Amino acid sequence: HASTYTEQEVEKILETRNVIILGGPNYNRFAQRFVEKHLEKLEFLFCKETAAPSAGRPYSGVIVKTRTQEVIAEPLPHGVAKDIDVQADCGIIARIINQHGRTVTLMAGGMTSGVWVAARLMTTAKSIDEWMNKLGSPKFEADVEFELVFTCGVRNRSVSPEDIAIRKACRCRIV
């Protein structure tokens, strides 16, 4: 669990190991540090709430393009704090090669359903083929840095493949 690690341990793990982070920056210390550390490479990001965070959540469900503040996805109704209330969710998948040559992959959602969809998009062959085509790559390449933004409808606490829409897909910025 991410909360059992100190800031120094989180930093060392993200620098020296290949890491897959499951969960968003609100509740996962690794995700929060990933976002802070690689902001210059990332095109998309959960935006921070400008008003006082509700229920201790500094990041909102809104995903913006970081260079222009263009809203890419905003499916969460304002004020939703419980997964049971979610009718729509959104998420980000980002993979970065850090300065030490290690791969760090973030699979995050606005709420639990978005995290689940991120994991599904990264583990289902048909889904991988779909977003790789949107990236313009014919096959999965181990050294490609990329980002995906998706939205998903949630019905009775479940998400069906037809409810998932990949909104944006791009290669990460080279710095």
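Author: In this predicted model, a residue counts as buried when its relative accessible area is under 20%, as exposed when it is over 50%, and as partly exposed in between.

Reader: Why is Glu43 called buried?

Author: The relative accessibility of Glu43 is 11%. The cut-off is under 20%, so Glu43 belongs with the buried residues.

Reader: What makes the contact of Arg67 with Glu43 a salt bridge?

Author: The side chains of Arg67 and Glu43 meet at 4.0 Å, N to O. A salt bridge asks for a Lys or Arg side-chain nitrogen within 4 Å of a carboxyl oxygen of Asp or Glu, so the pair passes. Arg67 sits in the loop between strand 3 (59–65) and strand 4 (70–73), and Glu43 in the loop between helix 2 and strand 2, so the bridge ties together parts 24 residues apart in sequence.

Reader: Is Arg67 buried, partly exposed or exposed, and how do you know?

Author: Arg67 has a relative accessibility of 35%. That value is neither under 20% nor over 50%, so Arg67 is partly exposed.

Reader: How do you know that Glu145 and Lys41 meet in a salt bridge?

Author: The N to O distance between their side chains is 2.5 Å. The limit is 4 Å, so Glu145 and Lys41 qualify. The two residues come from distant parts of the chain, 104 residues apart: Glu145 is in the loop between helix 4 (125–135) and strand 7 (146–153), and Lys41 is in the loop between helix 2 (29–37) and strand 2 (44–48).

Reader: Are Glu145 and Lys41 buried or exposed, and why?

Author: Glu145 has 13% relative accessibility, and Lys41 has a relative accessible area of 11%. Both values are under 20%, so Glu145 and Lys41 are buried.

Reader: How are the side chains of Glu162 and Arg155 classed, and why?

Author: Glu162 is at 62%, over the 50% limit, so Glu162 is exposed. Arg155 is at 44%, between the two limits, so Arg155 is partly exposed. The two side chains form a salt bridge at 3.5 Å, N to O.

Reader: How many salt bridges are there, and which residues are linked in a network?

Author: The rule gives 9 salt bridges. Glu11, Glu15, Arg33, Glu36 and Lys37 are linked by such bridges in a network.

Reader: What makes the length of helix 3 agree with its expected span?

Author: Helix 3 (residues 112–123) has 12 residues, and at 1.5 Å a residue it should span 16 Å; the end C-alpha atoms lie 17 Å apart, which agrees.

Reader: Which residues of helix 3 are buried, and what covers them?

Author: The buried residues of helix 3 are Ser113, Gly114, Val115, Val117, Ala118, Leu121 and Met122. Their cover includes strand 1 (19–22), strand 5 (88–97), strand 6, helix 4, strand 7 and strand 8 (164–171). In an α-helix a turn takes 3.6 residues, so residues three or four places apart point the same way.

Reader: Why is Thr105 called buried, and which residues does Thr105 touch?

Author: Thr105 has a relative accessible area of 6%, which is under 20%, so Thr105 is buried. Thr105 lies in strand 6 (residues 103–109). Leaving out residues up to four places away in sequence, Thr105 touches Val19, Ile20, Ile21, Ala94, Arg95 and Met122.

Reader: What are the totals for the chain?

Author: The chain has 4 helices and 8 strands, in the order α-β-α-β-β-β-β-β-α-α-β-β from the N terminus. Of its 175 residues, 49% are buried. The accessible surface is about 9300 Å², with 51% belonging to carbon and sulfur atoms. Of the contacts with a separation of 6 or more, 56% join residues 24 or more positions apart.

Conventions:
Residues numbered from 1 in each chain as written. Predicted model: local features only at pLDDT ≥ 70, side-chain atom pairs only at ≥ 80, totals over all residues. Heavy atoms only, no water. Buried < 20%, exposed > 50% of the residue type's maximum accessible area, 1.4 Å probe, protein only. Contact = heavy atoms within 4.5 Å. Areas by Shrake-Rupley, 256 points an atom, 1.4 Å probe, with all protein chains shown as cover. Expected span 1.5 Å × (residues − 1).
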